[in-house]
Amino acid sequence: MKFFIDTANLAQIKEAQELGVLDGVTTNPSLMAKEGITGKDNILKHYVDICNIVDGDVSAEVISTDYESMIKEGEELAELHDQIVVKVPMIKDGIKAIKYFSDKGIRTNCTLVFSVGQALLAAKAGASYVSPFIGRLDDISTDGLNLIAEIRHVYDNYNFDTEILAASVRHTMHVIDCAKIGADVMTGPLSSIEGLLKHPLTDSGLAKFLEDYKKGN
Ligand code: G3P
């Protein structure tokens with residue numbers, strides 16, 4: 001499973017990259033705003049800065065919601081860097097845009113996916129990635145992980161190339177469960193990746209090894 005980090009924070013992206021297990025970055029307009037990145041030029045520059053840190057795909061989201069404007073915006077984003085994947089919302093014009101980008105060889109991430117039907121449509125249109133938001137489904141008492149399992153089943157039925165990018169991952173158990181189900185990618189906060197490190201027996205075992213070493217030296 002690929003590990004993406006879901007942030008526009010350059011320090012966190014650097015930290016994740018230095019860990020050596022990072023495969024990409026996802027961003028969205030809310031994450032950019034959280035970092036205080038506003039205005040088109042600053043946003044475009046920020047995407048390039050991210051691409052220069054991470055060795056992998058970087059999702060950059062279009063703001064437009066009509067077909068023509070999404071095409072224009074997406075092509076501009078794709079021109080920025082060969083690591084850019086154009087993130088397109090799951091709406092009717094978004095599906096048309098994904099088909100257009102797919103035919104042109106521009107990679108896409110279909111975002112705001114909350115049902116298996118939407119994921120099927122994204123794959124049919126040729127999305128490179130589909131982003132089901134598992135945390136937001138959990139937030140409304142719906143089983144986010146079950147959606148990942150359903151999409152996995154449907155995509156395997158037809159050997160779709162679209163990669164399942166489990167998004168809105170909130171914690172480490174989401175990461176582990178997504179890996180068990182067979183999501184191709186997960187994107188979450190750095191803490192969800194670093195949580196994989198943790199086990200009290202590792203900590204106590206290491207403390208004992210170091211203590212015994214000191215005794216003999
Ligand atoms: O990038 C999209 C998605 O990961 C958002 O996550 O935590 O805002 O639901 P969250």
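# Strand pairs and helix crossings

Reader: What makes strand 1 (residues 2-6) and strand 8 a pair?

Author: Strand 1 and strand 8 share 4 bridges in the parallel sense, and pairing takes at least two bridges found by DSSP, so these strands count as paired. One bridge links lysine 2 to valine 185 in strand 8. By the way, strands here are DSSP runs of E (at least two residues), helices are runs of H or I (at least four), and both are numbered from the N terminus.

Reader: Where do these numbers come from?

Author: This is a predicted model, with local features needing pLDDT of at least 70, side-chain atom pairs pLDDT 80 or more, and totals for chains, interfaces and linings using all residues. Residues count from 1 along each chain as its sequence is written, and side-chain values use heavy atoms, leaving out hydrogens and water.

Reader: Which other strand pairs with strand 8?

Author: Strand 7 (residues 163-166) does, running parallel to strand 8 over 2 bridges. Here alanine 166 stands opposite methionine 186. The wider picture is a closed barrel of 8 strands, in the order 1-2-3-4-5-6-7-8, with parallel pairing.

Reader: How do you know that both faces of strand 8 are covered?

Author: In strand 8 (residues 185-188), Val185 and Thr187 on one side and Met186 and Gly188 on the other are all buried, that is, under 20% relative accessible area with a 1.4 Å probe, protein chains only (over 50% is exposed, in between is partly exposed).

Reader: Why is helix 8 called roughly parallel to helix 9?

Author: The axes of helix 8 (residues 144-158) and helix 9 (residues 172-181) cross at roughly 20° and come within 10 Å. That makes helix 8 roughly parallel to helix 9, because the label covers angles under 35 degrees (over 145 is roughly antiparallel, 65 to 115 roughly perpendicular, the rest oblique). The axes are lines fitted to C-alpha atoms, for helices over the stretch in contact, with angles from 0 to 180 degrees between N-to-C directions.

Reader: Which residues meet there?

Author: Leu145, Ile148, Ala149 and Arg152 of helix 8 meet His174, Asp177, Cys178 and Ile181 of helix 9, where contact means heavy atoms within 4.5 Å.

Reader: What makes helix 3 oblique to helix 4?

Author: Helix 3 (residues 40-53) and helix 4 (residues 67-80) have axes that come within 9 Å and cross at roughly 40°. That angle makes helix 3 oblique to helix 4. Lys40, Leu44, Tyr47 and Val48 of helix 3 make the contact with Glu76, Leu77 and Leu80 of helix 4.
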